[in-house]
Amino acid sequence: MRRRPEGTGAGPSTLWGRIACLWAAAFAGLHFYWAVGGDVGLSISAGPPATERPLWFVVAGLWGVGALCLLGALLAWLLARSALRGVPALPARWLGWGVSALLLARGIGIEVLLLTDATHLDTAVSARQRAWTLALWNPWFIAGGLSFGLATLAAARTADPRGFDQARQTR
């Protein structure tokens, strides 16, 4: 078996961190696109606030969520780093699990609510918005949650609780 050169970050444990980083960066880019006036896909994802664009929605819902997504991309990049050990590793893993749980709960929770028609009384959700949410947005959140969870799992496997790289211990 051929060993990969050290420091290349080419190991399989970094794959999910890179995928999570790309996921978060793409979602940030989409929110920034909407924040500067883009409207493709916004009305079917956000409903009435998307057409009215009140200041709170633009600041918190578009710029704010975009900034949070950039922080998520940074977290995923940290999780992908094979050299992440010691004190920074533990909070990064806790945050990784938290982001994963939040994204999965949002994606699966909304999917279940829409599929069980628990929102039948809410007339603010159009049939078109419901269809796009079921087909695109919720699977997108589920994919993000899975990628952050797998990135965190991979990061936890590359370092033990004492902060030593397991690969170094087995040499």
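The following paragraphs lead through the predicted model of one protein chain, from its overall make-up to selected loop residues.

The model is predicted, with local features requiring pLDDT of at least 70 and side-chain atom pairs counted only at pLDDT 80 or more, while totals for chains, interfaces and linings use all residues. Residues are numbered from 1 along each chain as its sequence is written, and side-chain values rest on heavy atoms, with hydrogens and water left out.

The protein chain contains seven helices and zero strands; here helices (H or I, at least four residues) and strands (E, at least two) are DSSP runs numbered from the N terminus. Read from that terminus, the order of elements is α-α-α-α-α-α-α. Of the 171 residues, 33% count as buried, where buried means under 20% relative accessible area, exposed over 50% and partly exposed in between, with a 1.4 Å probe and protein chains only. Contact means heavy atoms within 4.5 Å. Among contacts between residues at least 6 apart in sequence, 68% join residues at least 24 apart.

Confidence varies along the chain. The predictor's confidence in each residue is given as pLDDT, from 0 to 100. Its mean over the protein chain is 81, and 78% of the residues reach 70 or more. Among the elements, H1 has the highest mean pLDDT, 94, and helix H7 (residues 166-169) the lowest, 46. Over residues 163-171 the pLDDT is below 50, and this stretch has 15 contacts in the model beyond near neighbours in sequence. Residues 1-5 also stay under 50, with four contacts beyond four places in sequence. Where pLDDT is low, the predicted coordinates should not be read in detail.

The interior can be approached through its largest nonpolar core, which has 25 residues. Such a core is a set of buried Ala, Val, Leu, Ile, Met, Phe, Trp, Tyr and Cys residues joined through side-chain atoms within 4.5 Å. Those with the most contacts inside this core are Trp23, Phe27, Leu42, Leu62, Leu79 and Phe148. Helix H1 (15-35), helix H2 (42-46), H4, helix H5 (89-115) and H6 each supply at least two of the core residues. The largest share, eight residues, comes from H4.

Helix H4 (residues 55-80) also packs against helix H6 (residues 127-158): their axes come within 9 Å and cross at roughly 35°. On the H4 side, Gly72, Leu75, Ala76 and Leu79 meet Phe148, Ala151, Thr152 and Ala155 of H6. By class, this contact has six nonpolar, two polar and no charged residues.

Three loop residues complete the picture. Gly41 lies in the loop between H1 and H2 and, at 23% relative accessibility, counts as partly exposed. Leaving aside residues up to four places away in sequence, Gly41 touches Trp34 and Trp137. Its C-alpha lies 9.2 Å from that of Trp132, although the two residues are 91 apart in sequence. Gly47, in the loop between H2 and H3, is buried, with a relative accessible area of 9%. Beyond neighbours within four places in sequence, Gly47 is in contact with Leu42 and Gln129. Gly47 and Gln129 are 82 residues apart in sequence, with 7.2 Å between their C-alpha atoms. Arg53 lies in the loop between helix H3 (48-52) and H4. Arg53 has a positive phi of about 50° although it is not a glycine, and its 24% relative accessibility makes it partly exposed.

Conventions
Axes are lines fitted to C-alpha atoms, for helices over the stretch in contact, and angles run from 0 to 180 degrees between N-to-C directions. Ala, Val, Leu, Ile, Met, Phe, Trp, Tyr, Cys and Pro count as nonpolar, Asp, Glu, Lys and Arg as charged, and the others, Gly among them, as polar.
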